[in-house]
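Reader: I am new to this structure and would be grateful for a close look at a single part. Could the account start from what the sequence record annotates and then turn to the pockets and cavities?

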Amino acid sequence: MAEHLASIFGTEKDRVNCPFYFKIGACRHGDRCSRLHNRPSISPTLLLSNMYQRPDMITPGVDPQGQPLDPRKIQQHFEDFYEDIFTELAKFGDIESLNVCDNLADHMIGNVYVQFREEDQAAKALHALHGRFYNARPIIADFSPVTDFREATCRQFEENSCNRGGYCNFMHVKLIGRDLRRRLFGRHHRGGSGTYHRVSRSRSRSRSRSGSPRHRRERHERDSRGRRSREREYRERDGGGRRRHGSPAREGSEERRARIEQWNREREEKQ
């Protein structure tokens, strides 16, 4: 039973814990949700709720006065915000990824997710942000359960095929330009979700879906199948009659019984 509960934790089959809160750290039902929102006491990821105020908050592409906005100015406004936030948060530790939601739903609009390399770095940042303001608005920060942004982002949005638009329940991550990305993150690589991670000199420490128990189990099964396949090919290549280092082929059941009987006779004679 415990193994079954662990395998469905945070999925749609889990009738106790909210899968959306587990995956994206936010739920459209909020405190009225019928399932539990397990808020972590420590995490490498912080959620700064509704922090980014896009200039076309009311109608996409249009300012509050009803005038059309130049897409280049919208992007510049976003990148100025991104660099400002990154520079401030980088004071507390190495930033693995910084993602800003482009969604329009109340529980996701303007959400900023910052993932540090270490949990204690996130804890220092959370303590420092308490009681602070940005653009005359209080910063609402908390630990987030999200550590794998590939599970949190909308794949259809990345392929320009999401039919839910800005009201999708998965992250629509707003991207920064290449020049700014290079300046902030330095040497980097692009993850499958469209988020960008710093690469450690020794090895990448960014979290990926390969780290989940389900994918580790699948990888182990693939490795086992691969080993069995290689062993079978080796036997077939050698005609099935020889093993490594020229050892004799495996004996049949009758030969093994005869050998055992011989061993028993020799042992009785010695006694």
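Author: UniProt, in an unreviewed entry, places the feature "zinc finger region: C3H1-type" at residues 12-40 and 148-175; such annotations may be inferred rather than shown by experiment. The feature "domain: C3H1-type" is placed by that record at residues 12-40 and 148-175 as well. The model is predicted, with local features needing pLDDT of at least 70 and side-chain atom pairs pLDDT 80 or more, while totals for chains, interfaces and linings use all residues. Residues are numbered from 1 along each chain, and side-chain values use heavy atoms, without hydrogens or water.

In residues 148-175, the end C-alpha atoms lie 17 Å apart, and the span is 29% helix and 0% strand (DSSP runs of at least four residues, H or I, and at least two, E).

The second largest pocket (an open set of 1 Å grid points with protein on both sides within 12 Å along at least five of seven lines) has a volume of about 430 Å³, taken as the space filled by probe spheres. Its lining (residues with an atom within 4 Å of a point) comprises 21 residues, of which Gly-25, Ala-26, Arg-39, Leu-47 and Ser-49 lie nearest the centre. Strand β6, residues 141-143, gives the most to this lining, with three residues. By class, the lining of the second largest pocket has eight nonpolar, eight polar (Gly counted here) and five charged residues.

Ser-49 also lines the second largest cavity, together with Asn-50, Met-51, Tyr-134, Arg-137, Pro-138, Ile-139 and Ile-140. A cavity is a set of points where a 1.4 Å probe fits but cannot get out; there are two cavities of 30 Å³ or more. The second largest cavity has a volume of about 40 Å³, and its lining divides into five nonpolar residues, two polar and one charged.

Elsewhere, helix α3 (residues 71-89) and helix α7 (residues 178-185) have axes, lines fitted to C-alpha atoms, that come within 11 Å and cross at roughly 5°. That makes α3 roughly parallel to α7 (an angle under 35 degrees). Glu-79, Tyr-82, Glu-83 and Phe-86 in α3 meet Leu-180, Arg-183, Leu-184 and Phe-185 in α7 (heavy atoms within 4.5 Å). This contact has five nonpolar, no polar and three charged residues.

Technical notes: Axes are lines fitted to C-alpha atoms, for helices over the stretch in contact, and angles run from 0 to 180 degrees between N-to-C directions. Angles under 35 degrees count as roughly parallel, over 145 as roughly antiparallel, 65 to 115 as roughly perpendicular and the rest as oblique.
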